[in-house]
Amino acid sequence: MSDTRSQFVPTGSRQSAASTNLTHGSLFSGVGGIDLGFGWAGIKTAWFVEKDHFARQVLEKHYPNVPKFTDVRECGKHNLKSVDIISGGFPCQDESNSGKKRGLGTPENPTKQSGLWYQQHRIIRELRPPWALIENVSRLLYSGDINIVLSGMEEIGYTCWWFLLAAENLGAPHVRKRVWILCHRNGANDSIDFKE
């Protein structure tokens with residue numbers, strides 16, 4: 001069975017699968033929510049990195065033929081295939097209002113969970129995809145740690161745009177605000193038009 005079927009392309013819904021040649025790599029994949037959206041857009045996920053056992057079982061069920069890695073600290077150019085887009089919502093426990101609010105820390109002394117941002121940054125730096133999509137809780141804006149993320153991406157040659165989006169804006173029965181940061185590598189030779 002092809003990977004396209006397992007990318008959850010919906011039938012009879014308002015989304016339609018586009019035909020693209022774009023590939024995607026997924027960091028901190030969870031059960032594949034972001035990947036589901038990319039699949040709806042016709043973008044094929046090439047690999048996952050997810051530590052949680054249950055989440056990996058869900059990914060295995062829906063993406064049986066896609067490579068899965070467990071530890072983001074052990075991943076990089078040596079074992080991840082080059083892709084057009086890398087996405088990831090690094091852990092929010094040190095950023096969240098309901099968490100410990102310790103922030104990201106520093107590259108030399110990262111916090112235990114949210115400090116894994118520095119691993120996401122390293123992987124993007126090593127693989128240099130044309131696009132990166134970063135997601136996290138809204139407190140990232142208010143803690144000032146968004147400046148660490150944005151400046152880190154700019155230092156490795158990306159232009160970034162961020163926006164705040166709540167789940168309720170998409171019809172969900174709860175608010176759940178999230179920061180989304182779209183990054184494009186400066187000078188990337190691509191002709192993708194994302195206006196549609």
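Visitor: What percentage of the contacts in the chain with a separation of 6 or more comes from residues 24 or more positions apart?
Guide: This is a predicted model, in which local features need pLDDT of at least 70 and side-chain atom pairs count only at pLDDT 80 or more, while totals for chains, interfaces and linings use all residues. Residues are numbered from 1 along each chain as its sequence is written, and side-chain values use heavy atoms, leaving out hydrogens and water. Contact means heavy atoms within 4.5 Å. Among contacts with a separation of 6 or more, the part due to residues 24 or more positions apart is 61%.

Visitor: What percentage of the residues in the chain is buried?
Guide: Buried stands for under 20% relative accessible area, exposed for over 50%, and partly exposed for values in between (1.4 Å probe, protein chains only). Of the 196 residues in the chain, the buried part is 46%.

Visitor: How many strands are there in the chain?
Guide: Helices (H or I, at least four residues) and strands (E, at least two) are DSSP runs, numbered from the N terminus. Along the sequence they follow the pattern β-α-β-α-β-β-α-β-α-α-β-β. The helices number five, and the strands number seven.

Visitor: Which are the edge strands of the open sheet?
Guide: Two strands pair if DSSP finds at least two bridges between them. With mixed pairing, the sheet has the order β3-β2-β1-β4-β5-β7-β6. Pairing on one side only marks the edge strands, β3 (68–69) and β6 (158–166).

Visitor: What angle does helix α1 make with β4?
Guide: Helix α1 (residues 33–40) packs on the sheet, where it touches β1, β2, β4, β5 and β7. Axes are lines fitted to C-alpha atoms, for helices over the stretch in contact, and angles run from 0 to 180 degrees between N-to-C directions. Between the directions of α1 and β4, the angle is about 145°.

Visitor: Is S87 buried or exposed?
Guide: S87 belongs to strand β4, residues 85–88. From this strand I85 and S87 point one way, whereas I86 and G88 point the other way. Because S87 has a relative accessible area of 1%, the residue is buried.

Visitor: Which residue joins its side chain to that of S87 in a polar contact?
Guide: Beyond its neighbours within four places in sequence, S87 is in contact with several residues, including G25, I34, F38 and L133. A polar contact is a pair of N or O atoms within 3.5 Å; within protein, one must be able to donate a hydrogen and the other to accept it, and residues adjacent in sequence count only if both atoms are side-chain atoms. At 2.7 Å, the side-chain partner of S87 is H24.

Visitor: Through which helix does the chain cross from β4 to β5?
Guide: Strands β4 and β5 run parallel and are joined by four bridges; I86 has A132 as its bridge partner in β5. The β-α-β crossover between these strands is right-handed, meaning that, with the strands pointing away from the viewer, the path from the first strand over the helix to the second runs clockwise. The helix on this path, residues 117–127, is α3.

Visitor: Which residue joins its side chain to that of N186 in a polar contact?
Guide: N186 lies in the segment after β7 (177–185) and is partly exposed, with a relative accessible area of 43%. Not counting residues up to four places away in sequence, N186 touches G157, Y158 and T159. The polar contact spans 2.6 Å, and the partner is T159.
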